[in-house]
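Welcome! Here are a few short exercises to help you find your way around a new structure. Try each task yourself before you read its solution.

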Amino acid sequence: MPDNDMPVGRPRFLTFICMLTFLSAISGLWTQADRLWSPGVVADQTRQFFERVQEGMEAQNNPESAQMVESFFDSMYDELSADKIRTSAIIMLIYESLTLFGAYLMWGLQKRGFHLYLAGVAVAILGPIVLIGGWLGGMTAFGGAFFSIIFAFLYRSQLKYMV
């Protein structure tokens with residue numbers, strides 16, 4: 001007997017990965033909106049976090065490697081600006097919106113949702129690298145794309161159920 005909560009034709013696995021995407025995208029939209037509206041605060045908090053990490057690393061390192069650690073963190077501090085945090089937030093808001101809407105369409109068994117999801121993943125990968133650059137762009141791209149690429153393969157396996 002079919003489950004009354006699930007429309008006929010949508011596999012449980014597709015339902016499951018769509019639900020995970022919904023939760024992730026809604027959480028991401030909330031986080032990125034916060035970063036968009038207060039990028040200076042986020043930059044300061046991130047800078048303070050890296051300062052604590054740097055102090056811990058310098059306490060454990062020998063004097064020869066302390067200079068290398070200091071130059072590494074100095075380059076990171078140079079990239080942590082409110083403008084770059086704001087740009088990152090805008091890129092990630094676009095990514096979250098595209099993947100959320102793509103998952104919504106796939107929930108309704110529409111294959112075009114998969115293509116929209118892939119467009120979101122492309123934004124998450126290319127946007128930070130092109131518009132932000134440096135380590136911040138690379139980390140933003142990696143963070144946005146890692147699980148999304150895995151999910152793209154999972155969604156790909158469900159295309160046979162979509163029209």
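**Exercise 1.** Which residues of helix 6 are buried?

Solution. Step one: Leu136, Gly137, Thr140, Ala141, Gly144, Ala145, Ser148, Phe151, Ala152 and Tyr155 are the buried ones in helix 6. Buried means under 20% relative accessible area, exposed over 50%, and partly exposed in between, with a 1.4 Å probe and protein chains only. Helices (H or I, at least four residues) and strands (E, at least two) are DSSP runs, numbered from the N terminus.

Step two: look at the spacing. An α-helix has 3.6 residues a turn, so residues three or four places apart point the same way.

Before going on, a note on the model. It is predicted: local features need pLDDT of at least 70, side-chain atom pairs count only at pLDDT 80 or more, and totals for chains, interfaces and linings use all residues. Numbering starts from 1 along each chain as its sequence is written, and side-chain values use heavy atoms, leaving out hydrogens and water.

**Exercise 2.** Work out what span helix 6 should have, and find where helix 6 bends.

Solution. Step one: the expected span is 1.5 Å times one less than the number of residues. Step two: helix 6 (residues 134–156) has 23 residues, so 33 Å is expected, and the 31 Å between its end C-alpha atoms agrees. Step three: helix 6 bends by about 35° at Ala145, where the bend is the angle between axes fitted to the seven residues ending there and the seven starting there.

**Exercise 3.** Ser157 is found in the segment after helix 6. What does its side chain reach?

Solution. Step one: Ser157 is partly exposed, because its relative accessible area is 36%. Step two: the side chain of Ser157 comes to 2.6 Å from the backbone oxygen of Leu154. Step three: Phe13 lies 144 residues from Ser157 along the chain, and their C-alpha atoms are 10.0 Å apart.

**Exercise 4.** Is Thr15, in helix 1 (residues 12–37), buried or exposed?

Solution. Step one: the relative accessible area of Thr15 is 15%, so Thr15 is buried. Step two: its side chain makes a polar contact of 3.1 Å with that of Arg10. A polar contact is a pair of N or O atoms within 3.5 Å; within protein, one must be able to donate a hydrogen and the other to accept it, and residues adjacent in sequence count only if both atoms are side-chain atoms.

**Exercise 5.** How many helices and strands does the protein chain have?

Solution. Count along the chain: there are six helices and zero strands.
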